[in-house]
Amino acid sequence: MRVAAILCLLVAAAVADDRKPNVLLIFADDQGYAEAGCYGLKDIPTPHIDSLASGGVRFTDGYVTAPVCSPSRAGMLTGRYQQRFGHEHNTGGTEGAGLPLNETTMADRFKAAGYVTGLVGKWHLGMTEKMHPMSRGFDEFFGFLHGGHPYFETARTRRMRDPIRRGREPVSERAYLTDAFGREAVDFVRRHHEKPWFLFLSFNAVHTPLQARPEDVARFEGIENPKRRTYAGMLHAMDRSIGLVLEELKRHGLADDTLIFYISDNGGPTRQTTSSNAPLRGNKGQVYEGGIRIPFVMRWDGHIPAGSIVRHPVSSLDVLATSLAAAGIAPEPGAALDGVDLLPLLKGETDAAPH
């Protein structure tokens with residue numbers, strides 16, 4: 001009996017060692033370079049975002065490939081400069097507008113490798129059936145398709161052309177939207193904790209409209225500017241939701257098995273939301289540093305050193321290449337990816353700049 005028990009433990013350990021890592025890609029919307037504690041933010045605590053940096057690596061020079069939402073997403077999810085396939089502007093809702101159908105997404109690649117794939121939140125890569133997330137590699141979808149959405153459900157939002165959807169079906173969502181996205185991400189992890197998964201947690205926070213729960217705004221009564229107070233409530237809610245997801249990972253013993261990225265899709269639109277890109281010049285919509293240099297954090301417990309700071313320039317295109325390498329997935333022949341695998345740099349196997 002003792003020998004049998006030991007053999008069972010050895011087999012279980014071998015299975016654990018062979019498990020492919022989960023990939024959690026957290027994407028904030030319009031968060032400026034200076035809008036996280038680990039990047040110098042003082043007036044709004046972001047403890048859970050900061051914990052990703054303290055437990056992993058903070059990139060001081062992380063860039064996206066466009067200063068607006070849709071092309072930035074198109075580049076990151078394909079691992080290719082979006083200029084290669086003509087996706088250089090925000091998409092509308094017209095037929096054919098969106099990520100070209102001949103481009104392979106990150107979800108396509110992970111699904112083909114046996115992963116469960118999910119998108120929670122904002123899509124903004126096409127609104128037609130052929131461009132729906134579940135037609136582009138995602139097994140599950142909860143969120144909205146266009147570029148923005150109110151955070152509270154009203155009679156008007158229930159009549160919107162772009163409602164909140166579960167899968168392909170419109171649903172009523174009474175919760176504050178950032179809280180709803182956190183809830184759905186936690187549920188995804190809970191339901192799929194026994195198999196490898198890729199989750200794209202794509203918040204619309206802190207994008208306009210500026211809407212926050214009154215109790216979250218009340219936490220920041222010391223902030224004089226009322227617009228900034230509302231923004232603070234929105235950022236706090238997103239950080240809280242991220243914390244719930246991280247706690248769910250711990251609950252299922254997945255911290256060591258999950259590669260996590262935290263990125264903003266572009267710089268902050270300071271005039272509209274108060275989000276700061278300091279000390280950089282420019283803002284969302286501009287290709288000055290403030291429009292394309294963003295918070296960029298990566299964590300993989302037990303695999304990359306905690307508390308690291310990397311000053312080499314890195315790109316959102318590197319998310320795909322790095323994730324594929326971590327999972328041992330070879331890109332299909334002729335993929336022509338523009339990103340690079342960051343793991344050799346982070347593991348100390350090279351000190352050469354990745355770009």
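**Figure 1. Surroundings of Gly32 in the loop between strand 1 (22-28) and helix 2 (47-54).** The model shown is predicted. Gly32 has a relative accessibility of 0% and therefore counts as buried, the limit being under 20%. Leaving aside neighbours within four places in sequence, Gly32 is in contact with Gly267, Gly268, Ser275, Ser276, Asn277 and Pro295. Phe141 is 109 residues from Gly32 in sequence, and the two C-alpha atoms are 27 Å apart in space.

**Figure 2. The loop between helix 8 (270-273) and helix 9 (289-292), with Thr274 and Pro279.** Thr274 is not a glycine, yet its phi is positive, at about 80°. With 15% relative accessibility, Thr274 counts as buried. Further along the loop, the peptide bond joining Ala278 and Pro279 is cis, with omega about 0°. Ser275, Ser276 and Asn277 are among the residues in contact with Gly32 of Figure 1.

**Figure 3. The cis peptide bond from Thr208 to Pro209.** Omega for this bond is near 5°. Pro209 is located in the loop that runs between strand 8 and helix 6 (214-218).

**Figure 4. Helix 3 (residues 69-78) and the elements packed against its buried residues.** This helix is mostly covered, with 10 of its 10 residues buried. They are Cys69, Ser70, Pro71, Ser72, Arg73, Ala74, Gly75, Met76, Leu77 and Thr78. Two helices take part in the packing, helix 4 (106-112) and helix 10 (318-327). The strands that pack against helix 3 are strand 1, strand 4 (116-122), strand 8 (197-202) and strand 9 (258-264). Just after the helix, Gly79 has a positive phi of about 70°.

**Figure 5. Phe198 and its contacts in the largest nonpolar core.** This core has 97 residues, and Leu25 and Phe198 are those with the most contacts inside it. Helix 7 (residues 226-251) gives the most to the core, with 10 residues. In soluble globular proteins, nonpolar side chains tend to be buried together. Not counting residues up to four places away in sequence, Phe198 touches Val23, Leu25, Met106, Ala107, Phe110, Tyr115, Val116, Thr117, Gly118, Phe138 and Phe188.

**Figure 6. Thr157 in the loop between strand 5 (140-144) and strand 6 (165-166).** Thr157 counts as buried, with a relative accessibility of 7%. Apart from residues up to four places away in sequence, Thr157 touches Pro150 and Phe152.

**Figure 7. Ala336 in the loop between helix 10 and helix 11 (343-346).** Ala336 has a positive phi of about 50° although it is not a glycine. The relative accessible area of Ala336 is 47%, so this residue is partly exposed.

**Figure 8. The whole protein, with its 11 helices and 13 strands, as context for the close-ups.** The radius of gyration is 20 Å, which agrees with the value near 20 Å for a compact globule of 355 residues. Along the principal axes, the C-alpha trace spans about 65 × 45 × 40 Å. Buried residues account for 56% of the 355. Of the contacts between residues at least 6 apart in sequence, 71% join residues at least 24 apart. The accessible surface comes to about 14600 Å², and carbon and sulfur atoms make up 54% of it. There are 40 positive and 41 negative charges, and their mean positions are 4 Å apart.

Definitions and conventions
Residues numbered from 1 in each chain as written. Heavy atoms only, no water. Helix = DSSP H or I, 4+ residues; strand = E, 2+ residues; numbered from the N terminus. Rg over C-alpha atoms; globule rule 2.2 N^0.38 Å. Buried < 20%, exposed > 50% of the residue type's maximum accessible area, 1.4 Å probe, protein only. Contact = heavy atoms within 4.5 Å. Areas by Shrake-Rupley, 256 points an atom, 1.4 Å probe, with all protein chains shown as cover. Lys, Arg positive; Asp, Glu negative; His and termini not counted. Charge placed at Lys NZ, Arg CZ, Asp CG, Glu CD. Core = buried A, V, L, I, M, F, W, Y, C linked by side-chain atoms within 4.5 Å.
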